[in-house]
Amino acid sequence: MAATPGESKRSAFFATRSISRDVVVPEYPELGLIAFDSPNDPEPSIRVVDGRIVELDGVPEADFDLIDAFLAEHGINAAVAEEAMALDDLQFARMVCGHDVPRTEILRLVEGMTPAKIARVLGLLSPLELMQAMAKMRARRTPSIQAHVTNRIDHPLLIAADAASAVALGFRELEATVPVLRDAPLVALALLIGSQVPAPGALTQCSVEEKTELELGMRGLTTYAETVSVYGTERVFLDGDDTPWSKALLASSYASRGLKMRFTSGSGAEVLMGAAEGKSLLYLEARCVAVTRAAGSQGTQNGGIDGINVTGSVPNGMREILAENVMATLYGLESCTGNDTQMSASDIRRTAHTLPLLLAGSDFLFSGFGSIPSYDNAFGASNFNAEDIDDYLMVQRDWGFEGALRSRDDTALLPLRRRAAEACRAVLDELDLMTFDDAELERVVSAHGSLDVAEHQTDETARAGDAIIEREITAVDVVRALAIRGFDVEAERVLEMTRQRLFGDHLQTSAIFGEDMSVLSALTDPNDYAGPGTGYRPSRERLDEIARVRQERSHAELLAEQAPHQGCVILTESGPAASRPRPDEVVIGLSPAFGNDVWLTLSGLTVAEALRQLLAGIEEEGVAARVVRVTHSLDLGMIGWTAANLSGSGVALAIQGKGTALIHRADLPVLANLELLSMAPLIDGSRYRLMGRNAARHARGEKPAPVLLPESGEPMGPRYHAKVVALINRESRCLRAGEPQAVEVSWPS
Amino acid sequence: MAELRYPLGEHNRGDVRSQTGRTADELTVADIRSGVVTSADAAVDPDTLRRQAEFAEQGGNPQLADNLRRGAELALFSDDDVLRFYDALRPGRSSIAELETIAAELEAGGGERCAALVREAIAHYSRRGLIS
């Protein structure tokens with residue numbers, strides 16, 4: 001990294017950091033690039049005459065645009081409006097996040113508020129207060145999570161296998177989309193099959209153009225829909241090829257087929273489409289969410305979404321995103337809270353975006369989490385992807401929040417992936433859509449992503465997709481094909497998803513199916529958070545599940561590597577150690593468990609090799625060496641100081657079983673030392689030898705250059721501390737009172 | 001008829017029937033294999049959606065209830081009709097007269113609420129100069 005003239009090396013270094021690839025901008029209210037309170041945002045206002053709304057946020061009825069008009073007709077409850085709008089902003093902000101006003105009272109008042117009022121209130125909340133509001137106001141008590149399941153070649157077997165993996169990990173909604181629109185029916189069909197393999201009840205969707213998406217649902221190939229986009233300005237709404245009325249009829253169309261549906265919005269879209277009318281991001285989003293409620297959608301997906309990088313580019317962008325999520329809950333909607341687009345090249349920044357929401361909880365923490373590698377995500381990389389699953393599980397474990405995922409290893413996943421791929425292959429063959437050979441099936445089962453499988457012939461998936469449409473293949477045909485090919489469990493589960501359409505229970509707010517097909521919704525599982533001890537808390541069993549991560553090692557596992565090296569050196573105690581028998585000696589003080597109960601140091605050297613190198617280093621300087629065991633302390637400073645007080649030269653080396661070593665001198669305080677090698681994992685044989693040499697030189701009264709450890713930026717604690725604790729426990733077991741013991745060292749032949 | 005309680009699938013599994021009169025458990029894999037049961041047997045009955053509308057209303061969301069009631073009306077129209085109605089309401093697709101025809105068609109098929117929604121759209125589209 002070369003610094004240019006006038007630039008510090010630190011600045012040159014900063015330029016290499018991933019955060020330097022993120023570009024942000026100052027506020028430009030005229031372009032809508034402002035998170036809260038644009039000077040162009042209207043003053044909140046409402047005027048009701050004879051139960052009719054005749055003015056809304058400063059606009060008289062005659063000038064209502066389509067959004068104003070739709071909200072006046074369907075959204076705002078005129079009977080509550082005057083009471084609600086008269087509330088002081090700050091007073092209402094306190095009501096929203098406080099524990100003393102129930103959620104239902106907030107919902108009642110919001111029905112009478114205008115978008116400008118809601119935006120202004122939410123702008124008053126700090127990040128922490130927004131988290132409190134989220135915890136209190138979300139509709140469903142139990143948080144859940146959605147996955148993206150896609151791949152860059154629309155490989156149906158891989159979709160099915162990845163759907164199975166996702167459900168096994170805990171995802172309850174799976175969202176696909178396609179790089180090639182004609183592939184959509186095939187991908188939807190594969191997703192449906194794979195989603196029901198590990199457990200029943202996961203909902204599936206395929207995000208495509210509105211009308212096509214509805215058709216897929218009508219055929220039962222999807223069980224819910226999400227990409228029903230609404231916008232905050234009239235022009236962008238129309239550019240999005242809809243109006244509030246057409247969207248409302250679309251919502252009803254889904255309901256008519258017993259299909260779950262939610263709208264989608266998210267700030268930044270109006271800026272990207274060049275018609276934000278100079279309004280703030282949060283105000284426009286308030287109009288979106290208000291339309292969503294007015295049109296009768298049970299829920300919304302918001303919090304940036306495709307516009308996340310617009311919102312992320314302005315000051316307070318992430319606070320605005322969280323405010324959007326809270327806003328959805330204020331309108332009583334299912335909150336499917338974004339985190340579905342990678343918002344930064346920096347791991348720290350993208351995590352910082354998501355963490356507050358995770359801790360607060362929402363109906364769907366992600367919409368969705370990329371369950372597949374980021375290169376396979378046909379939506380573009382999510383904020384968290386398959387690469388991050390272990391990180392996510394560990395953070396979930398750290399905080400004990402409900403992240404709705406669980407660790408599953410290959411033993412659990414591979415049979416499910418195989419079953420899903422086989423079921424999907426059988427259905428595609430039975431329906432005469434596509435065929436796959438055994439070798440390809442094997443590749444799919446073990447694949448990380450689509451780079452591990454064969455690329456199929458161009459157009460093959462598209463032709464299969466066309467055939468599904470032309471031959472009017474439905475979920476019922478999938479059930480039949482599964483049954484004919486002997487996939488009875490999957491046939492029954494796919495059929496049950498079809499049967500559920502007769503009940504429509506999953507059309508209610510925030511509804512999902514549990515793995516036992518029970519309905520969890522705002523009606524069966526309403527959020528009752530009202531402060532400590534209330535609301536959702538992970539059960540004991542769930543916390544145990546959260547605690548089981550891939551990186552967890554029991555003490556027994558951590559210590560398993562010790563046993564094979566038992567007896568690598570033979571240390572025989574022969575009575576109390578002598579005191580200062582000769583002036584030209586260095587005493588080596590061993591910890592209680594060294595070569596006794598601990599046999600391998602953290603660097604992977606045997607204790608025999610570490611001791612041999614120390615002795616050799618001393619011997620090379622022509623100084624005598626004597627080994628003693630200190631039994632009354634495992635503290636390295638105390639071991640060294642005790643040994644130094646026995647040493648004729650006053651100088652001693654001390655070493656613990658884990659390999660940490662120091663040089664001590666009798667006239668120093670116990671916790672001081674001449675040299676310390678504290679990073680045991682980095683101490684190799686040559687450094688122990690140098691420590692021996694330096695100790696000998698100190699014994700002769702010289703001042704040798706200290707032994708340095710190699711430069712390492714790796715944090716040692718997270719990798720080694722569990723093992724350190726296990727080894728210290730062994731040292732502790734070997735503690736006993738009494739004087740230091742003389743030790744005879746012998747080496748097994 | 002038993003009292004219908006939410007969730008219907010839990011409390012009223014044997015009471016709720018599809019448009020063709022089948023209960024959920026009468027949709028069996030065996031009958032699908034033999035062709036006795038088809039996709040048409042999996043269509044939700046409008047009355048079920050109206051009951052869900054009542055649940056939504058009791059849950060404090062009258063707009064969701066309205067949507068479910070409009071859905072109940074559309075449940076009796078064919079897939080093609082429903083897709084056509086939606087498409088017609090999108091920007092620039094229809095004239096006032098065409099939307100009036102659709103409203104009438106909805107009304108004739110028992111879709112008063114949907115017809116009202118379309119007529120409301122006509123009024124606002126006209127006022128905003130989107131259609132003529």
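How many salt bridges are there between chain A and chain B? The count is 8. This is a predicted model. Two contact surfaces are covered here: the one between the chains, and the one between the two domains of chain B.

**Chain A against chain B**

- On the chain A side, 64 residues are in contact with 61 residues of chain B.
- The two chains bury about 5300 Å² between them, and carbon and sulfur atoms give 59% of that area.
- Leu249(A), Leu502(A) and Phe503(A) lose the most area to chain B in chain A. Together they make up 15% of what that side buries.
- Glu234(A) pairs with Arg128(B) in a salt bridge, with the closest N and O atoms 2.9 Å apart.
- Polar contacts link 37 residue pairs across the two chains, both residues at pLDDT 80 or more.
- Elements of chain A that give two or more residues to this side include helix 12 (244–256), helix 22 (475–484) and helix 23 (488–503).
- By class, the chain A side has 26 nonpolar, 18 polar and 20 charged residues.

**Inside chain B**

- The domain assignment splits chain B into domain 1 (1–76) and domain 2 (77–132).
- Their centres, taken over C-alpha atoms, are 26 Å apart.
- In domain 1, 7 residues are in contact with 11 residues of domain 2.
- The two domains of chain B bury about 770 Å² between them. Arg70(B), Glu73(B) and Leu74(B) supply 73% of the area on the domain 1 side.
- The domains share 1 salt bridge. Arg113(B) forms a salt bridge with Asp66(B), the closest N and O atoms being 3.8 Å apart.
- The domain 1 side has 3 nonpolar, no polar and 4 charged residues.

How values were computed
Residues are numbered from 1 along each chain as its sequence is written. Chains are lettered from A and ligands numbered from 1 in the order in which they are written. This is a predicted model: local features need pLDDT of at least 70, side-chain atom pairs count only at pLDDT 80 or more; totals for chains, interfaces and linings use all residues. Side-chain values use heavy atoms; hydrogens and water are left out. Contact means heavy atoms within 4.5 Å. Buried area is the accessible area (1.4 Å probe) that two parts lose on being put together, summed over both. A salt bridge is a side-chain nitrogen of Lys or Arg within 4 Å of a carboxyl oxygen of Asp or Glu. A polar contact is a pair of N or O atoms within 3.5 Å; within protein, one must be able to donate a hydrogen and the other to accept it, and residues adjacent in sequence count only if both atoms are side-chain atoms. Helices (H or I, at least four residues) and strands (E, at least two) are DSSP runs, numbered from the N terminus. Ala, Val, Leu, Ile, Met, Phe, Trp, Tyr, Cys and Pro count as nonpolar, Asp, Glu, Lys and Arg as charged, and the others, Gly among them, as polar. Domain bounds come from an automatic or database domain assignment.
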